[in-house]
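Hello,

Here is the structure we talked about. My notes on chain B follow below it.

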Amino acid sequence: MEKSTDLTFLKSFTGGDKAKMSKYINMVLNAGPTQIQLMQTHLQNKDWPQLRTAAHSLKPQMSYMGAKKAEEVIKAIENNAREQVNLENIPAQLTEFEHLFGQASEELKQEIQNF
Amino acid sequence: MAKTSIFIVDDDPIQLDMLQDHLKKQSNYDIIAFSTGEDCLKNMHLKPNIVFLDYYLNSVVKDAMDGLDVLQEIKKVSPETDVVMLSGQDKIDVAVEVMKYGAFDYIVKGESAFYRAEKAVFNIYRYSKLKKNAATYKKLTFIFGLAFLIVLIVIIVLQQKGLISKNPGWV
């Protein structure tokens, strides 16, 4: 099965320092579920500016973990919430992002165990 | 040589940590990190050389000051501090807007942002060196110009009084 993450950037950024890589990966793994929960709350409240803010903060994190597909989806959520267009697509996008984040999380946890 | 002092302001702890780590690796900077613009502004009496400032600062504290407002306040209290704006938005109009308000540079967040931040510090240092040199050259030009004028006036006065010949003798 094709991997959904790529730690090439993180390896280069940390100089291959496994302790630092673990630190950053854990920060993303810890922050992600909270942000996803927040996005769901903001979606329920139709609070588009706050939804945009939550999506915005996840975007670079997905990039650093090399989670390209997740990054694309969160970018789409952010754009839709900012421009307040295609709002009917956001629930499905959020579900997709949750799934992709879950997949990425499993891979990242495995990576940490392999260090 | 005095250490370059840098503030980093970002409400994303991961971004804050990564940028701090990266800049510390490059050189022995004095770096202080803040998660809100308000905290940064409370410490502006420290007169940092450079502030890396996030555009959106309200993901944790909902009604925190936004980056643009913080930028304007920084330029008011410390005009000599150079501010580099960071944002996830890859939009030219946002970049133009922050430059209008006095930012030195605008960096889009992502993998290349850390290298660009490093380059921004180098460019700021080089630009401030050029400014200092330009000021020095301006002073020297003025001094030499004034000295030349004085010598010329003295020569003319002496010639008028007949104390020196108009003919230098080799003609």
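A definition to start: two strands count as paired if DSSP finds at least two bridges between them. By that rule β1(B) and β2(B) pair, with five bridges joining them in parallel. B:Ile6 has its bridge partner in β2(B), namely B:Ile31. Please keep in mind that this is a predicted model.

The sheet. It is open and has five strands, in the order β2-β1-β3-β4-β5 of chain B, with parallel pairing. β2 (30-34) and β5 (105-108) of chain B are its edge strands, and each pairs on one side only. On average, neighbouring strands are turned by 20° against each other, direction ignored.

At the β5(B) edge, strand β4 (residues 82-87) of chain B pairs with β5(B) through four bridges, also in the parallel sense. Here B:Ser87 has B:Val108 as its bridge partner.

The connection. β1(B), helix α1 (residues 13-26) of chain B and β2(B) form a β-α-β unit, and this unit is right-handed.

The long run at the end of my notes is helix α5 of chain B, residues 113-160. How far apart should its ends be? At 1.5 Å a residue, its 48 residues should span 70 Å; the end C-alpha atoms lie 69 Å apart, so the two agree. Its buried residues are B:Ala113, B:Phe114, B:Ala117, B:Ala120, B:Val121 and B:Ile124. An α-helix has 3.6 residues a turn, so residues three or four places apart point the same way. Just after α5(B), B:Gly162 has a positive phi of about 75°.

Best wishes

Note on methods: Residues numbered from 1 in each chain as written. Chains lettered and ligands numbered in written order. Predicted model: local features only at pLDDT ≥ 70, side-chain atom pairs only at ≥ 80, totals over all residues. Heavy atoms only, no water. Helix = DSSP H or I, 4+ residues; strand = E, 2+ residues; numbered from the N terminus. Expected span 1.5 Å × (residues − 1). Buried < 20%, exposed > 50% of the residue type's maximum accessible area, 1.4 Å probe, protein only. Axes fitted to C-alpha atoms, helices over the stretch in contact; angles between N-to-C directions. Right-handed = clockwise from strand over helix to strand, strands pointing away.
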